[in-house]
Amino acid sequence: MEREFSAGGAVVCYKTGRWWLAVIEPQPSSGRSARPAKPVMALPKGLVDPGEHPEQTAVREVREETGVEAKLIAKLGDVRYTYVRSWGDRKQVFKVVSFFLLLYVAGDVGEISADMRIEVRQAQWVALDEAPRLLTYRGEREIAERAQQYLEAHPDLSLRFS
């Protein structure tokens, strides 16, 4: 079984008295189903490039997939799963995605390059307390809950936006 290592970010912003989380809707995969695919709501993530640290990957993927700049706060955890590639070789892959809490610095969510539009249909802010209900994948719902717990334990982070 092949192994893949990715990293992603739960990038948060405090505005209007609450925390918001940047999420993406990936472009639907070109599967064999005749039915339209149900939209997916996910956290930005991607493969760790050679020579890159997972933290760097998380910051880069957030910028590329959401359009916002963010800085690293803490590691939230790893999500592990297996999948079968739906393209090319159809191999089974064991994947580990390291997720990091990132704090919004600048930029407009959804302003992504034309090249990235091949992968990402849209990016948007959702209320962090609603994210565990809205995110598609169980592991990412748990990451959103961990982000919320971290922010509750560190209320001083919201002061950076006041």
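Begin by selecting β1 and β2, which form a hairpin with two residues between them, and look in its turn for T16, whose phi is positive at about 50 degrees. The coordinates belong to a predicted model, and every stop below should be read with that in mind.

**The β1–β2 turn**

Keep T16 selected: the residue sits in the loop between β1 and β2 (18-26), and its phi is positive although T16 is not a glycine. Is T16 buried or exposed? At a relative accessibility of 70%, T16 counts as exposed, because the cut-off for that class is over 50%. Beside the turn, display K15, whose bridge partner in β2 is R18; in total, four bridges join β1 to β2, and the two strands run antiparallel.

**Along β1 and its other partners**

Now extend the selection to β1 as a whole, residues 2-15, and bring in β5, which runs parallel to β1 and is joined to it by eleven bridges. To locate this pairing in the viewer, pick F5 and then V96, its bridge partner in β5. Next add strand β3 (residues 45-47), which runs antiparallel to β1 and is connected to it by three bridges; here the pair to display is A7 with its partner G46.

Between F5 and A7 in the numbering you will come to S6, also a residue of strand β1. As a general point, side chains in a regular strand alternate between the two faces of the sheet. S6 has a relative accessible area of 2% and is therefore buried. Which residues does S6 touch, leaving aside those up to four places away in sequence? Selecting its surroundings should bring up G46, L47 and V48, together with K95, V96, V97 and S98. Among these neighbours, K95 deserves a distance label, since its side chain and that of S6 are joined by a polar contact of 3.2 Å.

**The loop before β5**

From K95, move back to R90, which lies in the loop between β4 (68-84) and β5 (92-107). R90 is another residue other than glycine with a positive phi, in this case near 55 degrees. With a relative accessibility of 39%, R90 counts as partly exposed.

**Helix α1**

Select residues 54-66 next: this is helix α1, whose 13 residues reach 18 Å from the first C-alpha to the last, close to the 18 Å expected at 1.5 Å a residue. Colour its buried residues, namely T57, A58, R60, E61, V62, E65 and T66. In an α-helix there are 3.6 residues a turn, so residues three or four places apart point the same way. What covers the buried residues of α1? The cover includes β1, β2, β3, β4, β5 and β6 (120-127). Just after the helix, stop at G67, which takes a positive phi of about 90 degrees.

**The whole chain**

Finally, zoom out to the full protein chain, which has three helices and six strands, arranged along the sequence in the pattern β-β-β-α-β-β-β-α-α. Its radius of gyration is 16 Å, close to the 15 Å given by the globule rule for 162 residues, so the chain is as compact as a globular protein of that length. Along the principal axes, the C-alpha trace spans about 50 × 30 × 30 Å. Colouring by accessibility would show buried residues making up 43% of the 162, while the chain exposes about 9,200 Å², of which carbon and sulfur atoms supply 50%. Of the contacts with a separation of 6 or more, 69% are accounted for by residues 24 or more positions apart.

Notes: Residues are numbered from 1 along each chain as its sequence is written. This is a predicted model: local features need pLDDT of at least 70, side-chain atom pairs count only at pLDDT 80 or more; totals for chains, interfaces and linings use all residues. Side-chain values use heavy atoms; hydrogens and water are left out. Buried means under 20% relative accessible area, exposed over 50%, partly exposed in between (1.4 Å probe, protein chains only). A polar contact is a pair of N or O atoms within 3.5 Å; within protein, one must be able to donate a hydrogen and the other to accept it, and residues adjacent in sequence count only if both atoms are side-chain atoms. Contact means heavy atoms within 4.5 Å. Two strands pair if DSSP finds at least two bridges between them. The expected span of a helix is 1.5 Å times one less than its number of residues. The radius of gyration is taken over C-alpha atoms; the globule rule is 2.2 Å times the number of residues to the power 0.38. Accessible areas come from the Shrake-Rupley method with a 1.4 Å probe; for residues, only the protein chains shown count as cover.
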